[in-house]
Amino acid sequence: MENSVHVKEVVVIKPSEPTPSRVLSLSALDSQLFLRFTVEYLFVFKARPGLDQSVITARVKAALAKILVPYYPLAGRVRAKLDGSSLEVVCRAQGAVFMEAVSDHTINDFDRAPRYVTQWRKLLSLSAADVLKGAPPLGVQLTWLRGGDATLGVGLNHSVCDGIGSAEFLNSFAELATSQNRVADLKPKPIWDRHLFDPTKPSRCYSATHLEFNRVPDLCSFTSRFSNERLAPTSIIFDKRWLNELKRLALSTSRPIGLTYTSYEVLSAHVWRSWARALNLPSNQILKLLFSINIRNRVKPSVPSGYYGNAFVLGCAQTTVKDLAEKGLGYAAMLIKRAKERVDNEYVRSVVESVSQSRACPDSVGVLIMSQWSRLGLERVDFGIGKPVHVGPICSDRYCLVLPVYNQPDAVKVTVAVPASVVDKYEYLVKSPCS
């Protein structure tokens, strides 16, 4: 039976104090075509006995009005510049959207992957198909579940903030809902400074090559398969023991000897290989693993604390189906490690030039995109109900996410939706680290 969600209130929340009225430019990195969408977070909270729902709702609404003072661009509206070169935010204190809802979902529904991609869609009822046509950059929905527990759905325009910036915003927002702290006490203080990732003038020519922007042949109707076939969500927890086993296996299949791998490198390599093998693609199809690399400390000078714009570039590991399957976990982990090592100040500047001059954008053929939410601090977001027992996306789709696990700091949860015809094979392979 379909779970129902009934929205009780929809209101526009404006900053609680006067904010600057201006138009702010977004950076070349912010303005990339593939970032023009809303990142949708889902937090699930277990209510403590005696929780007063009306008090929590009032605190969240008041905190939202307060946090929109230092983060006033999130109360503005994003649009393209007249010359089409990049994006900008019109800041006139237009406000963010807050919704309160009730649902017959229970907290136990979130112990496993959703049955289908959009099962939890209504837990953030505001969904903008085009973020440049007047949609608020920020939407918040507090939903009370059957049994008194709660979810908080948050939609943030990716053009305005990246994952680290979103997590800093959400933790500050939550802090204002639960403490007597003033906005002036918040740390880190939000910083705009989007000029840091603008192209240089005059433009320079960089030697770096960018596999992430190169097109590869589609030998197997790859893109139509993902758009035409029903996708089945999956969710698998990897504990510390399992991650260490993957490290051991990667080292045993690596050349040269003496390398070390991070948990993320071996986990993403293992998931990538399992995904590729499950899809049963032609052996000569070129595949890419794209993943975000934080550049805050890789550029010179480093990015100041509190910068909440997009400060990442895409790492790209590329190989054929045949090599990915046959050369072992260590080979895949090495490709990922080398992709990370390529990113330095010059590499970042060449990405800025590429996306601003030619509007370079990643293709989707043969691509798996992984994003690591487990290290952002999302598991600490507490609006007075307690820390979330689940953190994830509103909708599970072909993006692969690495998520935190409640009360298991050394474990991660990997979610991705795969074509329904291969979901059993994918789950078998990904649960078999020695395969």
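Which residue in β5 is the bridge partner of alanine 80? Hold that thought while we set up the view.

This is a predicted model, in which local features need pLDDT of at least 70, side-chain atom pairs count only at pLDDT 80 or more, and totals for chains, interfaces and linings use all residues. Residues are numbered from 1 along each chain as its sequence is written, and side-chain values use heavy atoms, with hydrogens and water left out.

**Whole chain**

Start with the cartoon: the protein chain has nine helices and 15 strands (DSSP runs numbered from the N terminus, H or I of at least four residues for helices, E of at least two for strands). The C-alpha trace spans about 60 × 60 × 40 Å along its principal axes. For 435 residues, a compact globule would have a radius of gyration near 22 Å, and the protein chain agrees, with 22 Å (taken over C-alpha atoms; the globule rule is 2.2 Å times the number of residues to the power 0.38).

Switch on the surface and you have about 18700 Å² exposed, 51% of it from carbon and sulfur atoms (Shrake-Rupley method, 1.4 Å probe; for residues, only the protein chains shown count as cover). Buried residues make up 54% of the 435 (buried is under 20% relative accessible area, exposed over 50%, partly exposed in between; 1.4 Å probe, protein chains only).

**The three-stranded sheet**

Now select β2, β5 and β4. They form an open sheet in the order β2-β5-β4, with antiparallel pairing (two strands pair if DSSP finds at least two bridges between them). At the edges are β2 (22–25) and β4 (77–80), each pairing on one side only. The twist averages 30° from one strand to the next (axes are lines fitted to C-alpha atoms, for helices over the stretch in contact, and angles run from 0 to 180 degrees between N-to-C directions). Zoom in on β4 and β5 (residues 87–91), which share four bridges. Here is the partner we were after: alanine 80 bridges to leucine 87 in β5.

**The six-stranded sheet**

Next, pick out the open sheet ordered β1-β6-β7-β8-β3-β13, where the pairing is mixed. Its edges are β1 (5–13) and β13 (390–393); each has a single partner strand, so one side of each is left without a neighbour in the sheet. The twist here averages 15° from one strand to the next.

Follow β1 over to β6 (residues 96–103): the two run antiparallel and are joined by eight bridges. One to label is valine 7, whose partner in β6 is alanine 101. Then bring in the helices. α2 packs on the sheet, touching β3 (38–45), β7 and β8, and its direction makes about 45° with that of β3 (contact means heavy atoms within 4.5 Å). Helix α1 (residues 53–67) lies across β1, β6 and β7 (138–144), running at about 175° to β7.

**Aspartate 162**

Go to the loop between β8 (150–157) and α2 (163–178), where aspartate 162 sits. Aspartate 162 is buried, at 4% relative accessible area. A polar atom of its side chain lies 2.8 Å from the backbone nitrogen of glycine 165. Leaving out residues up to four places away in sequence, aspartate 162 touches Arg296, Tyr308, Gly309, Asn310, Ala311 and Phe312.

**Last stop: β11**

Select 312–320. Seven of the nine residues of β11 are buried, so this strand is largely enclosed by the rest of the structure. Add β10 (residues 286–294), which pairs antiparallel with β11 over nine bridges; isoleucine 286 has threonine 320 as its bridge partner in β11.

Methods:
A polar contact is a pair of N or O atoms within 3.5 Å; within protein, one must be able to donate a hydrogen and the other to accept it, and residues adjacent in sequence count only if both atoms are side-chain atoms.
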